[in-house]
Amino acid sequence: MKHIRNFCIIAHIDHGKSTLADRLLEFTKTVGSRDMQAQLLDDMDLERERGITIKSHAIQMDYMYNGELYTLNLIDTPGHVDFSYEVSRSIAACEGALLLVDASQGTEAQTISNLYLALNNDLVIIPVLNKIDLPGAMPEEIKDEMVDLLGCDRNDIIPASGKEGIGVPEILAAIVERIPPPKGDPNGPLQALIFDSHFNSYRGIEVIFRVKNGRIRKGDKVKFMNTGKEYFADEIGTLRLTQEPKDVIECGDVGYLISGIKVAKEVKVGDTVTTIDNPASAAIQGFSEVKPMVFAGIYPVETSEFEDLRDAMEKLQLNDAALVWEPETSAALGFGFRCGFLGMLHMEIVQERLEREFNMTVITTVPSVRFEVLTTKGEAIQVSAPADMPEPNLIDFIEEPFIRAQIISKSEYVGGIMSLCMDKRSILRNQVYLTADRVELQFEMPLAEVVFDFFDKLKTISRGYASLDYEFMDNRESDMVKLDVMLNGDKVDALSAIVHRSKSYEWGKKLCEKLRELIPRQQFEIAIQAAIGQKIIARETLSALRKDVLAKCYGGDISRKRKLLDKQKKGKKRMRQVGNVEIPQEAFMAVLKIN
Ligand code: GDP
Ligand code: MG
């Protein structure tokens, strides 16, 4: 154990975590230059394209230092707030963390939230000032900021550039010197913390763990303490560029386990592996079930593709344990699924994977949070789809989820951010100047407001400078109402939304205006109405299509005509016929684009 170091890299998105990880792997010759491709740890196509780490990964390196061989386990963590529970479990598997700060950006919301997680787990922090090669780097200012934040010695900060490979030997030396070796009882009962899992279509689920106490041997009969499930450790090993099977993984080390598990759901991040023969008396602390926070309906564009979509959802769920869904029927859209996601990014990822990996064209309905409704009969029910909201006269009260949001911004944007947050029904709880120019704001805020394009607005107001992080707090009583939309008198259930009463009139009006822009004109006039219960609160009229749209092209430019037809055809792909009205996908997301 003396020669093992377990560490992670924590940073705000884009501060250069994956790039630096690549350099560490290269320098320690874990990967030869022939196998090197950018951002090796981000192996899902989607991750590479978007430059974000969706799933965390681990990789082992050998490193010679002062004539002794060390094993370094690098645990990569996803930086996005949707995946903060996974980050917390990865951190719990380490003794130390590299804290990267972009020298041109300074500390951001996720720098701080991840730092707190690391400090709560007693990790040794190695501060790294990254991207010092950038012309816009402000090394001295940002160092001041880091000293303030960490209370560290200025000389402890390692200047680096993952891009140019600057600082890499210094970082590796600091990992060995500053981070303590793992503690634990090598001869005690096995306690291994699961911090990640992967799906492999041939071998089933691969479980990634860190041995906290004891050791695990190939062939051991093991038990996952929180799920209570039992398996044989058919194969165990360490994670290099490829998996290297081993007979035993010792106390303090990181490894993988394969035991023919077929379903991602059986493996819960944060669970503890022990042996049946000599079980640990307790599971490792900190386990919790990840809970979906955002819900939406997913429907096939072609109703005939429902079974294909079910197939795709089932396959997707095999390797995305956080995704939950159940069949749902909409009067407007037919058969589909009500899905639960960790957050908005997770929702986008699922939608994109359905399209890319499974070739499905889907319509996603308005996202919603989960409300707790107490009925007049004294029943408590959970409502995550507007269609399930009971009639107003049957509701005693409604509670909605609140989050604690932390926003870091340049001070010149504070005014704009304050008014945005006030408009989103938030309560300001704290305001701290990190430096003369940077402010940290803390709000209590309804999650429902974050779901509706809060992040985009925050970025616009702050010209991209503000960053956001949040965590769930509690449910609070709120005056919510269900807003329905009718097209020519028919209620379109998939366009309903649950909104706060104080905003409902404004919303209804803007939503109708937006729908009038988005729904293509058709051969007849369409009345677009918004209603709360029986009461119509807004109306717009979409006039009928004039018959001569194509006629304009006749005799004229043929390519223009083809373009127009092509455009219509493309539009078709994501249209749904509801009653006699064609509705495009954008209309189902219109509430997100209001204002
Ligand atoms: P992550 O989100 O923290 O994993 O960040 P990435 O490693 O994906 O890097 C984000 C962006 O910053 C990419 O465009 C990188 O090419 C760039 N980048 C990363 N490290 C450096 C660096 O040291 N210098 C410069 N100039 N750019 C960097
Ligand atoms: Mg990354």
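This report covers one helix pair and the aromatic ring pairs of a predicted model.

## Helices α9 and α11

Helix α9 spans residues 414-423. Helix α11 spans residues 454-461. The two pack at an angle of about 160°, and their axes lie 9 Å apart. Angles over 145 degrees count as roughly antiparallel. α9 and α11 are therefore roughly antiparallel to each other. The crossing of α9 past α11 is right-handed.

Four residues of α9 are listed in this contact: G416, I417, L420 and C421. They meet F454, K457, L458 and I461 of α11. By class, the contact has 6 nonpolar residues, 1 polar and 1 charged.

## Aromatic pairs

The whole structure holds 5 aromatic pairs. One of them joins F224 and Y231. Their ring centres are 4.8 Å apart, with 55° between the planes, and the pair is tilted. Both F224 and Y231 are buried.

W325 and F337 form another pair. Their ring centres lie 5.1 Å apart and the planes meet at 80°, so this pair is edge-to-face. It links distant parts of the chain, with the two positions 12 residues apart in numbering. W325 sits in strand β18 (residues 324-330), and F337 sits in strand β19 (residues 334-341). Both W325 and F337 are buried.

## A ring cluster

Which residues do ring pairs link into a cluster with W325 and F337? The other members are F306 and F335. W325 and F337 thus appear both as an edge-to-face pair and as members of this cluster.

Key. Residues are numbered from 1 along each chain as its sequence is written. Chains are lettered from A and ligands numbered from 1 in the order in which they are written. This is a predicted model: local features need pLDDT of at least 70, side-chain atom pairs count only at pLDDT 80 or more; totals for chains, interfaces and linings use all residues. Side-chain values use heavy atoms; hydrogens and water are left out. Axes are lines fitted to C-alpha atoms, for helices over the stretch in contact, and angles run from 0 to 180 degrees between N-to-C directions. Angles under 35 degrees count as roughly parallel, over 145 as roughly antiparallel, 65 to 115 as roughly perpendicular and the rest as oblique. A crossing is left-handed if the near helix is turned anticlockwise from the far one by less than a right angle, and right-handed if clockwise. Contact means heavy atoms within 4.5 Å. Ala, Val, Leu, Ile, Met, Phe, Trp, Tyr, Cys and Pro count as nonpolar, Asp, Glu, Lys and Arg as charged, and the others, Gly among them, as polar. Rings of Phe, Tyr and Trp (its six-membered ring) pair if their centres lie within 6.5 Å; planes under 30 degrees apart count as stacked, over 60 as edge-to-face and the rest as tilted. Buried means under 20% relative accessible area, exposed over 50%, partly exposed in between (1.4 Å probe, protein chains only).
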